[in-house]
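Visitor: I should like to learn how to read the features of a structural model. Could you take me through one, step by step?

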Amino acid sequence: MKRRIGKFSIVSLIGRVRTSRGLALFAVGAMLGASMLLVRLSLNELRGAQAARYIIEAPSAETGTQAESSIGSPEDTEGRQTVDKEADPQSAKPAAGNQSQAETSEVLDHLVIRVYMTKEERIERVPLETYVRGVVAAEMPIGFELEALKAQAIAARTYMIRRIVQGNDSGVPVKGADVTDTVEHQVYVSLADLARKWPKADQKTNMKKLNDAVAETRGKIITYKGDPIEAAFFSTSNGYTENSEDYWKQEIPYLRSVASPWDEAISPRYKETVELSLKEFYNKLGVSGKSSAKSAIRIVEKTAGNRISKIVIGGATFTGREVREKLGLASSQFTWKIKGGTIAITTYGYGHGVGMSQWGANGMAQSGASAEQILAHYYSSVQVEQASKLSEQLASHS
C-alpha cells in the first residue's frame with residue numbers, strides 16, 4: 001500500500017512538475033506580454049500627453065497671423081479695412097495694425113460721449129465714433145466729396161478729444177453731459193433723426209458714405225506739438241481765413257490766415273445782401289441816428305483775412321465781429337449802400353472765418369486733395385495722428 005502510494009506519488013510529482021513547468025512558462029510568457037503591453041501603453045500615453053501639451057502651449061495659426069500682421073504699417077491696415085453698408089462706425093474696426101492702433105481700439109472703443117439733447121432735455125450716451133458720425137451728418141452736406149467729409153470727421157473728433165483731455169464741460173447746462181447738440185459746441189444729429197433728414201431712397205447710400213468717412217479716419221485727430229488742437233471750422237470763406245486773434249483776441253499758432261479761393265465758385269453762401277431801415281440799423285448798434293448816415297460809416301482797419309477789423313459808425317467804434325453779431329450778418333466782411341431810409345449790406349463768406357472752411361475743403365477735395373492735405377492747408381504746422389497717444393487721459397473719462 002505504501003509502495004503504490006509511493007509510486008503514485010513519484011508519477012504524480014513528475015506530472016505536477018511538468019504541469020508546473022508549463023504553467024511557469026505560460027506565466028513568464030504572460031508576464032512578458034503584459035510588460036510589453038504596458039510599455040506600449042506608457043509610450044502612447046506619453047506621446048498623447050506631449051501632444052496635448054503642445055496644443056495647449058503652442059500659438060495657434062490665427063494668433064501667429066495676428067502677430068505677424070501687427071508689424072504692418074497703418075496705411076496697409078487701413079487699406080484692408082472693409083465697412084458694411086449699414087454698419088455703425090463703431091463696429092467698423094480696422095484689421096490688426098500697429099501698437100498705436102491696438103491701443104486706440106482698446107481705449108476709444110470704450111469712450112462714451114454724453115450729449116445733451118437740448119430740445120428733448122435729456123442726455124444721450126453714444127460711443128465716440130457714433131458721435132463723430134452724428135456731427136459730420138449735421139455739420140456738412142452729405143453731397144460733399146468723401147475726402148471733405150473725412151476732414152470734417154477728423155476735425156470733429158479732435159474737438160471732442162480736446163474737451164475730454166482738458167476736462168472742459170463749459171457751455172453744458174446740466175451736470176453729467178460733455179457737450180450739447182447745438183452750435184454752442186458741435187451740432188449733432190442722432191441716428192433716429194437721420195431717417196428724417198434724408199429722403200428714404202437716399203438713406204442707404206448716404207449712410208454708407210457717412211460711415212466710410214468716419215471709419216476711414218477712425219481714431220485720427222489733429223495735433224500741434226503733441227496736443228489736440230482747437231479744430232475750429234466754419235461754412236464759407238471770403239477768399240481767406242482769419243488769424244485767431246482777429247476774432248477771439250487770442251493768438252493761436254496753428255490758426256493762421258490762409259487763402260481759400262475755392263469758396264466763391266462753389267458755395268451758395270458766398271455772397272448775401274440784407275436790407276435794414278436806418279432806424280433799425282442804428283438801434284441794433286446802439287448809436288443815435290444821423291441824417292447823413294453814409295458819411296457816418298467808415299472802415300478804419302482790416303484783418304489779414306480781408307475782413308473788417310475796426311469800423312466807425314455814428315461816431316462809435318466797433319470791431320467787425322461786433323457789427324456782425326449785433327446785426328446778425330453772415331460775415332464780418334461787408335460793404336453797404338444807403339438809399340433813402342434804407343441800408344443794404346452785402347456780406348462775403350459765411351461764419352467767423354477761423355480754421356477750416358467747409359466749402360473750401362470741398363473745393364480742395366474736388367481738385368484731388370486728400371483729407372490730410374485739406375487739414376494741413378487750413379491748420380498750420382499740424383499733424384494728423386492716432387488719439388492712442390492720449391490713452392491715459394482718455395481712459396479716466398467715464
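Guide: The discussion below takes up confidence, sheets and charged pairs in turn. Please keep in mind throughout that this is a predicted model.

Visitor: What is the mean pLDDT of the chain, and which stretches have pLDDT under 50?

Guide: The chain has a mean pLDDT of 79, with 72% of its residues at 70 or more. Residues 1-20 stay under 50, and the model gives them zero contacts beyond four places in sequence. Residues 22-28 are likewise below 50 in pLDDT, and they have zero contacts beyond near neighbours in sequence.

Visitor: How should I read a sheet, and in what order do the strands β5, β4 and β14 stand?

Guide: Strands of a sheet pair through backbone hydrogen bonds, in a parallel or an antiparallel manner. Here three strands make an open sheet in the order β5-β4-β14, with antiparallel pairing. The edges are β5 (227-228) and β14 (383-386), each of which pairs on one side only. Between β4 (residues 220-224) and β14 there are four bridges, in the antiparallel sense. Within this pairing, Lys220 has Gln386 in β14 as its bridge partner.

Visitor: Which helix lies across β4, β5 and β14?

Guide: That is helix α6 (residues 146-166), which runs at about 65 degrees to β4.

Visitor: In what order do β7, β12 and β11 stand in their sheet, and which strands are at the edges?

Guide: This is an open sheet of three strands in the order β7-β12-β11, and its pairing is antiparallel. The edge strands β7 (271-277) and β11 (334-339) have a single partner strand each, so one side of each has no neighbour in the sheet. Ignoring direction, neighbouring strands here are turned by 20 degrees against each other on average. Six bridges join β11 to the antiparallel strand β12 (residues 342-348), and Lys339 stands opposite Thr342 in β12. Helix α11 packs on this sheet and touches β7, β11 and β12; its direction makes about 95 degrees with that of β7.

Visitor: Let us turn to charged side chains. How many salt bridges does a search of the whole structure find?

Guide: Side chains of opposite charge can pair when their charged atoms come close. A search of the whole structure finds 15 salt bridges. One of them joins Lys220 to Glu372, with the closest N and O atoms 3.1 Å apart. Lys220 belongs to strand β4 and Glu372 to helix α14 (residues 371-378), so this pair ties together parts 152 residues apart in sequence.

Visitor: Are Lys220 and Glu372 buried or exposed?

Guide: Lys220 has 12% relative accessibility; it counts as buried because the limit for that class is under 20%. Glu372, at 30%, counts as partly exposed.

Visitor: Where do Glu280 and Lys284 lie?

Guide: Both are in helix α11 (residues 278-285), four residues apart, which is about one turn of the helix. Glu280 and Lys284 form a salt bridge whose closest N and O atoms are 3.3 Å apart. Glu280 is partly exposed at 33% relative accessibility, and Lys284 is partly exposed at 37%.

Visitor: Which residue forms a salt bridge with Glu385, and which residues are linked with Arg122 in a network?

Guide: The partner of Glu385 is Lys389, and their closest N and O atoms are 3.4 Å apart. Glu385 is partly exposed, with a relative accessible area of 22%, and Lys389 is partly exposed at 38% relative accessibility. Arg122 is linked with Glu120 and Glu124 in a network of salt bridges.

Terms used: Residues numbered from 1 in each chain as written. Predicted model: local features only at pLDDT ≥ 70, side-chain atom pairs only at ≥ 80, totals over all residues. Heavy atoms only, no water. Pairing = 2+ DSSP bridges. Helix = DSSP H or I, 4+ residues; strand = E, 2+ residues; numbered from the N terminus. Contact = heavy atoms within 4.5 Å. Axes fitted to C-alpha atoms, helices over the stretch in contact; angles between N-to-C directions. pLDDT = per-residue confidence, 0-100. Salt bridge = Lys/Arg side-chain N within 4 Å of Asp/Glu carboxyl O. Buried < 20%, exposed > 50% of the residue type's maximum accessible area, 1.4 Å probe, protein only.
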